[in-house]
Amino acid sequence: DTVALRKSCRAPPLPRPSHVSCTSDGGALARHVETPDEQRRPSAPETPAEVVHQSGGSGGNDPLASLRLPGFRLYLLGSLFSGAGNQMRTVAVGWEVYQRTQTPLSLGMIGLVLALPVLLLALPAGAAADRYPRKTLILISQVGLALSGLGLAWVSFTDGPIPLTYAFLLGTGIFRAVGWPASQAIVTGLVPTRVFANATMWRS
């Protein structure tokens, strides 16, 4: 009986070692051996998600991939200056208007005249960014913002009427609403697809 048990548990000679498990009565539980065809079979191709993960999503593992492109660097630098100027304008106008009126409602009006054009012109401005040259729309927007800023400076210097300040702020909101969709969409033409996610990270 012992000889028969050993014979039943002995694995036959195979190309590669295999693992054989036996029960108490000498029966084999499981055996898996790679055949020559399986050994020569190529591994399954990687899924797109695995490829994207290994390549770092975009531009490999280089966090400065999009910044190496001159066009995107200029765009990002201009956006930083424009955003900083808009923030300083909002703070300065709010401070002066409150100093002259001493009413919280005047500060609420500043937010209203800046936000209303964005709400009303969001869809038309997006359609214009798809139909007309985006560089032209951005240029118009920046020129309009500069003129509105000069108008606000003139009102402040001459102590002009507060309604005129709101009028120039309304122009600021309109030009911001016109240029924002074009400035967001133009990035696709400045960077290749493989580094677009990296460019989005820097733009945010």
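In which helix is the place of M109? In this predicted model, M109 sits in helix α5, which covers residues 104–131. With a relative accessibility of 30%, M109 counts as partly exposed. On the surface, M109 is joined by L105, L112, L116, L119 and L120 in a nonpolar patch, and together these residues have about 610 Å² of accessible area.

From the surface, the description now turns to the interior. The largest nonpolar core is made up of 15 residues, and the members with the most contacts inside it are F72, Y75, L137, A182, V187, V191 and A199. Helices α4, α5 and α6 (134–158) each supply at least two residues of this core. The greatest contribution comes from α4, which gives three residues. Apart from this core lies another one, of nine residues, including V97, L152, I162 and L169.

V187 offers a handy view of the surroundings of the larger set. Once its neighbours within four places in sequence are left aside, V187 is in contact with F72, Y75, F196, A199 and R203. Of these partners, F72, Y75 and A199 are also listed with V187 among the core residues with the most contacts.

Is S66 buried or exposed? S66 counts as buried because its relative accessibility is 0%, under the 20% cut-off. Its place is in the loop between α3 (48–54) and α4 (70–101). Not counting residues up to four places away in sequence, S66 touches F72, V195, N198, A199 and W202. Two of the names in that set, F72 and A199, recur among the residues with the most contacts inside the largest nonpolar core. With N198 there is also a polar contact, made between the two side chains at 2.6 Å. A further pairing brings together parts of the chain that are far apart in numbering: S66 and M201 are 135 residues apart in sequence, yet their C-alpha atoms are 9.5 Å apart in space.

A second polar contact involves helix α4, where E96 has its place. Which side chain does the side chain of E96 meet in a polar contact? The partner is the side chain of S156, at 2.6 Å. Although glutamate might catch the eye as a charged residue, the point to note here is its accessibility: at 18% relative accessibility, E96 counts as buried, since buried means under 20%.

Terms used: Residues numbered from 1 in each chain as written. Predicted model: local features only at pLDDT ≥ 70, side-chain atom pairs only at ≥ 80, totals over all residues. Heavy atoms only, no water. Patch = residues over 30% accessible without salt bridge, like charges linked within 9 Å, V, L, I, M, F, W, Y side chains within 5 Å. Areas by Shrake-Rupley, 256 points an atom, 1.4 Å probe, with all protein chains shown as cover. Salt bridge = Lys/Arg side-chain N within 4 Å of Asp/Glu carboxyl O. Helix = DSSP H or I, 4+ residues; strand = E, 2+ residues; numbered from the N terminus. Buried < 20%, exposed > 50% of the residue type's maximum accessible area, 1.4 Å probe, protein only. Contact = heavy atoms within 4.5 Å. Polar contact = N/O pair within 3.5 Å; in protein donor to acceptor, adjacent residues only side chain to side chain. Core = buried A, V, L, I, M, F, W, Y, C linked by side-chain atoms within 4.5 Å.
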